[in-house]
Amino acid sequence: MRSTASLIALAVVLMLAACAVGPEFHRPESPQTEHYTSHELMMDVTIAESLPARWWELFSSDKLNRLIEQGLANNLSVAAADGRLREVRENLDAQVGSVRYPAIDGKVSSARQKISGAAFGSLSRIYSVHNASLSASYGLDLFGASKHYLQGVASQVDYASYQLEGARLSVA
């Protein structure tokens, strides 16, 4: 009995000690350099910012325009990215409605029944029962979980739009 208690105590001590195992993390020092290459790289970002989304039209070539438009219209990657974007937008719209607005449910029912009075020595009776109900519910977002959930779904829309833009750029 004593050895069993000692084994249990030893197991508990070992499990607790296992939680403390691991080196202390120390952030590495930043590199002490001004440039990552032997010479400074010059880059003009104003050119990239001034290019239109339909940059190929700057060449004024009808044949090039037709080829790129045909490629964009018939490419499976672009179609899949466009479908995914529509999917996440619809999902966002559905989630916004379910989180921000109350849910209302209404039901109406009617039933007609006949009871035989033969067992009681009387006539049969027919009666009707009508029911109507209305319920409403709303979830309070006290700690912001629903707000953050909607932000997460909205970020999926942003991600899908960038995926579509990337697919279109790859084809173009």
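Two residues are in contact when they have heavy atoms within 4.5 Å of each other. With that in mind, welcome to this predicted model. Of the contacts in the protein with a separation of 6 or more, 62% are between residues 24 or more positions apart.

**The whole chain**

Start with a cartoon view of everything. You will find five helices and two strands, and following the sequence gives the pattern α-α-α-α-β-β-α. Now switch on the surface. The protein exposes about 15,100 Å², and carbon and sulfur atoms supply 59% of that area. Of the 172 residues, 12% are buried.

**Helix α4**

Next, select residues 76–100, which form helix α4. Try placing a distance between the C-alpha atoms at its two ends: they are 36 Å apart, which agrees with the 36 Å that its 25 residues should span at 1.5 Å a residue.

Just before the helix, show the side chain of N75. N75 caps the N-terminal end of α4, with a side-chain oxygen 2.8 Å from the backbone nitrogen of S77.

Which residues of α4 are buried? Colour V78, A81, L85, V88, L92, Q95, V96 and V99 to see them. An α-helix has 3.6 residues a turn, so residues three or four places apart point the same way. Then bring α3 (62–74) and α5 into view, as the buried residues of α4 pack against both of these helices.

**Zoom in on Q95**

Keep Q95 selected and add Y149 and L150. Leaving aside neighbours within four places in sequence, these are the residues that Q95 contacts. Between the side chains of Q95 and Y149 there is also a polar contact, at 3.5 Å.

**Along helix α5**

Now select residues 145–171, helix α5, and pick out D158 within it. Is D158 buried, exposed or partly exposed? Its relative accessibility is 41%, so D158 counts as partly exposed. Add R89 to the selection: D158 and R89 are 69 residues apart in sequence, yet their C-alpha atoms are 9.5 Å apart in space.

**Last stop: the largest pocket**

Rolling a probe the size of a water molecule over the atoms shows where empty space is left. To find the largest pocket here, select its lining: P52, A53, R54, W55, W56, L72, E165, R168, L169 and A172. The volume of this pocket is about 210 Å³. Which element gives the most to its lining? That is α5, with three residues.

Conventions
Residues numbered from 1 in each chain as written. Predicted model: local features only at pLDDT ≥ 70, side-chain atom pairs only at ≥ 80, totals over all residues. Heavy atoms only, no water. Helix = DSSP H or I, 4+ residues; strand = E, 2+ residues; numbered from the N terminus. Buried < 20%, exposed > 50% of the residue type's maximum accessible area, 1.4 Å probe, protein only. Areas by Shrake-Rupley, 256 points an atom, 1.4 Å probe, with all protein chains shown as cover. Polar contact = N/O pair within 3.5 Å; in protein donor to acceptor, adjacent residues only side chain to side chain. Expected span 1.5 Å × (residues − 1). 1 Å grid on protein atoms, 1.4 Å probe; cavity = no way out; pocket = protein on both sides within 12 Å on 5 of 7 lines; lining within 4 Å. Points joined across faces, edges and corners; volume = space filled by probe spheres on them.
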